[in-house]
Structure formats: structure tokens, C-alpha cells
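Colleague: Please take a close look at one part of this model for me. I would like to understand where the two chains meet, and the charged pairs there.

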Amino acid sequence: MATSQNNTGIWVIAERTPTGAFTDTTLETLSAAKALKAQNQEPITAVLFAAPGQDIQSLEAQLGQCGADQVLSVQHQSLQHYEVSLYTQALTQLIEARQPNIVLAGASSISRDYFPRVAAKLQTGMAADCVGLEINPEGQLEATRPTFGENLLAKVVIPRRPQMATLRGKAFPKAEPNPAQSAAVETIAPDLNTDSVKTKLVELCETGNGGGKKLEEAEIVVSGGRGLKGPEHYHLVEGLAQALGGAVGSTRAVVDAGWRPHSEQIGQTGKTVSPQLYVALGISGQIQHVVGITSSKLIVAINKDPDAPIFELADVGIVGDVFQIVPLLTKTIKEQNLTVSV
Amino acid sequence: MKIVVGIKQVPDTTHVKFDANGNVQPDSVELILNPCCGYAVETAIRIKEAHEGSTVIAFTVGGPQAKDVLKRAIAMGCDEAYLLNDGAFQDSDAFGTARILTAAIQKIAPDFDMLLFGQYTDEDLAGITGPAVAESLNVPNITLASKAELKDAQTILVERQTEQGLERYEATLPAMVCMANCDYEPRIPSIKGVMKANRTEIPTLDAAALGLAPDQVGKAGSTVITLNTWRKPRKEGGIKIDGSDPQEAVTQLIGFLKEQKLM
């Protein structure tokens, strides 16, 4: 079945936040699916995992408004929360039964866990963390994804079916709802083996970051580096982040030095951000940090070393003393009531 | 406790240089133990140290030069290491690599309790191999881990960093944990460790020894085909503002942000 070329349809696996709303990457994946549909004329099916009795009608409707032609509402008591074995079983069964051509999901801590398993089980391929998708003249999905320490981009194809891919956050625009559109909803009760459940989420400690904003999803990020000289000066970063309404990030050096928690680390062994505005304070621009910020729309750097590599990447840089400039900048933004339009 | 670590030798992508055409300059390539794999080895050794009688077995897929990372793993404290090398393995994608590792684990350590892999390699950044091996071996996996330690002989506690914050998981062994980053750094091997690594024989296993058919591995077994790669477009250096007059610099910066319609 894996090599069959008769598969048809573009699937989007929807994912929800703990509060029940769709994640941003789900809406972005729907818009990417719409762009593919415009090229291959295949219908879009959104797949939603839920427990029976969960109030999901408005979510199903939202998927239709955001471009899905059909919604498969997969309901099972054990699907209320994510679990690797159950999601793997549920999606694998569904793909085997319906044979879609393309299966997409946002790249997230959930899809990174189970999507490769589904692909392995179906003996097909998967392109991870895609930043571009298109249908080539042969009708294949061509996926563009970062590789080689984020230095290179690669174009890949998957000869087998379905063609699976995860989409990097913010690489695609969010689908805008059209109230006039709706999708046919089909409810499915999968047969899942719950004996295979071997993992359990025992605790979730939400990281308070710049007023609760998630670093990866933040539209504005202010980060500090070793140029701040010590954790006692990090209030400069926090103050500017607050004035701009953004999240706080850090370099690896700062985290390794114990000034800041790991959850704030941006870069190669940390998080990847793609905000509208990234402000780097006292950051030299080591490649291991830079790889986490290259998708930022506009980068501002303040550093006293005119030869710091960060200035090669920054759209605008101030060569100067962060201890003098940042307080002034924060004060000016507050006094003039300036807001960032994102 | 029998712990398997799957590791990879990669070019140090943080120091590699490119020519004008975007090709890697070969003389700038230094081969290292993949950073996430370093965390996997370190975590395995920590678990071994805390639980007497544990053994750690390292596997890597690669050419003869990849023995270097296996030696490093032994120098850090692993007990055994196996090089999975065959001409047919060349150009395997992540799924093919997972097939090779699965076959090797089934042959050498079928009675494993735990698998510790890196979340992704710097070379490929895909994060596929670990979960794909876990699926083939029918064990659960927890990815994006920043910490893993035993709760008891049957249970591992794992912390993972997600969009929601820090998640604490428990998994029943045997299980796969994919390490992304940790609060601790991989140890530098001691002189004693390096001497032990030099004494330890590192067997090589090929496709025949692992019972792998040529169409399961290498290019023939790949389900993700790379058509081409190119250098990620780099932005030109932007505007530089002289900060010797801080007030003037701030005014200029805000002016620029307004011009860009960002403020």
C-alpha cells in the first residue's frame, strides 16, 4: 500500500493547546494545505483527535471555515490527551483505511514524538520542519527544509505514499476563517489497544516567560547575551521585553552560566524563534545562537563591539553600550506610548 | 540495566565554511560527536553510575572514521561499541539508518532496558531516527528530553521542554528517550577512559551480519530523497548606528522601526 500512487487527498492533523484552541501551526498548516489544493485540486481533510463528549462542534466548524472540505473527528475515550502509542495507532489506522496522498501537521512537541513512528510503520517518508511546500509538475510534493545546522536548505521528495511532512511554525501564514465555508464532519470511533500505553504525563510546569508568552510563538522577542555581564542586569532585557510586549530569550552562554533557565535558551540546542521583531542585547552572534533566530522578520542588535557577527545579521544595529542605551530605549518607548504593530 | 545509545558522527556545522557557490569547503570540516548524542551518552553514563551492574552499549552507522565517536563514547564510560559499516549503508536516509540500528540492537542487545538517542543530528535536523527505531522495536518514545533518570527498575522519569513548558513524563521500560539538551554538559573523557577506549575492540557489523537486504538501506531504501541543497540566503548587513550619543541612537532606532511600519 505504501507505494500505491492512487492515494488522494491532503490531510491536516489538527492539534490543540491545553485550553482547547487550535495551535497557530495548525492554522498555518491549513493555509499551506489550501495552497497545495490550488495546485493539485485534491480535497483537504482535517483530522481531529478527541474524546467522546468533548465539546468540539465549534472546533469542527472552525476547521471548515479555515479551508477543510471534510473533517474526520476521531473520537475515543483515551484520545482526550496526547499519548504516543495511541496517536500512532489512531493515525496509522486512518491512513491505512483512507489512503491520503499528503499528510501534514505543524512541527510541535507532539508531532515530533509520533509522526516519525507513523511514517516508519507505513514504510513511507516524512519531511521534518518544512519551510516551503509545493506540487511539482509530476504531481509530487516538493518540500523545502533546513538542514546542515540551519546553514543549508534542501528540497526533498517522498516517492512513497502518503507523503508526510511537518511544518515549521511561522513559516506559513495562518488560515483566515471564512464564515461562509463549512466542512462535512464524519465521526470515527477507532479501535485502539490501550494496553500499549507505556507513557504518562505526570506534571506540566508552565514556564512564565515575559507575561506568559510562549517563546516559540512570540511575535516580539528580546534576548540577552554575555554582554550583560551578570544576571543582576537581566532586568534590562525584561524591562524592554515588557515595554514592547514581548517574550524574554537568552543565549546558551547565559544559560550555561546559570543566569537564566534553559526554557529561555534560543539556538542550536535551544529553541527556534521566528518573531516579527527580535532584539539582541549584548549578544555577539555565535552561530549556535544565530541559527535559532534567522527566521525573524526584523533583527535589532545592540552591542559595543562593532565587529560582532550579530551586526552581519541585524537589520539595524547600534554600536554602543547596552547599559546606557537600553534604559533610554525602554524609557522612550514607555513615555511615547509606542507599540509594535505585529 | 542494559542501556543502548545510538550516536552519530557529524561535521561541526558551527565552524564549517562555505565557498561562493554555497558548497562546504572540505578543509573546514571537523568531524565531531553530534551534540545531542553527547547528551544521550552523558545521560546513559549517569544512569549507569547510579545503578550498579548497568552496561551501556553504543552503536553508530558510518564509515571507518566514525570509530572516533565510538571511542569517545567508551572513553566517557560506555562498555561496548559497534560500528555499523557497509558500502550499501551509504546515503541512507533517517528511516534507513533506523532500520540499520534496529537490526543491530536486535542482534546485539535484544534484552535492552532503555534506548537513549540524540533528538536530531546537526547534519539532518530531522529528529526521525529515534522514534522510527522505537516504533520498529515496539517500545514507547519520549522526544525533546532535557533530563532522564530512573524512578525504579521498571520506570524512567523524563523531563521535556515543549511549547507548553516543562513536562514531566513517566515511561515503563523498555523505552526510548531522545535527548535534546540538558542542564548538564557531556563529560570530557578522563585519561584512564581514553586508555580504556584505545584497548577496547570495536567490532564492525555489515549488512550481511545484520541480515539487511540491499533495498532496505542506502539510496535504494530511502523514502526521503534530497533533490538539491543550497545555502540559506543570508541577509546583507543592515544599518549601523553609532551609539556614542545614546539618546541620538535611540531616536534613530525608533525612527527606523517607524519607517519599517513596525512601530
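**The interface between chain A and chain B**

Modeller: Chain A and chain B bury about 7500 Å² between them, with 57% of that area on carbon and sulfur atoms. On the chain A side, A:Arg117, A:Phe148 and A:Leu153 lose the most area to chain B. Together these three account for 9% of what that side buries. Keep in mind that this is a predicted model.

The contact count gives another view. 90 residues of chain A are in contact with 81 residues of chain B.

Now the charged pairs. Between chain A and chain B the count is six salt bridges. I will take two of them in turn.

Start with B:Asp124 and A:Arg145. They form a salt bridge, and their closest N and O atoms are 3.4 Å apart. B:Asp124 lies in the loop between strand E6 (114–118) and helix H4 (129–136) of chain B. A:Arg145 lies in strand E7 (residues 141–147) of chain A, so the pair joins two chains. How buried or exposed is B:Asp124? B:Asp124 is partly exposed, with a relative accessible area of 30%. A:Arg145 is at 5% relative accessibility, and because buried means under 20%, A:Arg145 counts as buried.

Next come B:Glu185 and A:Arg252. Their side chains meet in a salt bridge at 2.8 Å, N to O. Where do the two residues sit? B:Glu185 is in the loop between strand E10 (175–179) and helix H5 (191–199) of chain B. A:Arg252 is in helix H6 (residues 252–256) of chain A, and this pair, too, crosses between chains. B:Glu185 counts as partly exposed, at 36% relative accessibility. A:Arg252 counts as buried, at 17% relative accessibility.

Put the two pairs side by side. In one, the acid B:Asp124 is partly exposed and the arginine A:Arg145 is buried. In the other, the acid B:Glu185 is partly exposed and the arginine A:Arg252 is buried.

Charged pairs also occur inside a chain. Over all chains the count comes to 28 salt bridges. One pair within chain A is A:Arg98 and A:Glu186, whose side chains meet at 2.7 Å, N to O. A:Arg98 lies in helix H3 (residues 84–98) and A:Glu186 in strand E10 (residues 184–188), so the pair ties together parts of chain A that are 88 residues apart in sequence. A:Arg98 is partly exposed, at 34% relative accessibility. A:Glu186 is partly exposed as well, with a relative accessible area of 29%.

Chain A also holds a network of salt bridges. It links A:Arg112, A:Asp129, A:Glu150 and A:Arg168.

Last, some background on the partner, chain B. It has seven helices and 13 strands. Its C-alpha trace spans about 65 × 45 × 40 Å along the principal axes. Of the 263 residues in chain B, 56% are buried. Among contacts in chain B with a separation of 6 or more, 70% are between residues 24 or more positions apart. The accessible surface of chain B comes to about 11300 Å², and 49% of it belongs to carbon and sulfur atoms. Chain B carries 26 positive and 35 negative charges, and the mean positions of the two sets are 2 Å apart.

Definitions and conventions
Residues are numbered from 1 along each chain as its sequence is written. Chains are lettered from A and ligands numbered from 1 in the order in which they are written. This is a predicted model: local features need pLDDT of at least 70, side-chain atom pairs count only at pLDDT 80 or more; totals for chains, interfaces and linings use all residues. Side-chain values use heavy atoms; hydrogens and water are left out. Helices (H or I, at least four residues) and strands (E, at least two) are DSSP runs, numbered from the N terminus. Buried means under 20% relative accessible area, exposed over 50%, partly exposed in between (1.4 Å probe, protein chains only). Contact means heavy atoms within 4.5 Å. Accessible areas come from the Shrake-Rupley method with a 1.4 Å probe; for residues, only the protein chains shown count as cover. Lys and Arg count as positive and Asp and Glu as negative; His and the chain ends are not counted. The place of a charge is taken as NZ of Lys, CZ of Arg, CG of Asp or CD of Glu. Buried area is the accessible area (1.4 Å probe) that two parts lose on being put together, summed over both. A salt bridge is a side-chain nitrogen of Lys or Arg within 4 Å of a carboxyl oxygen of Asp or Glu.
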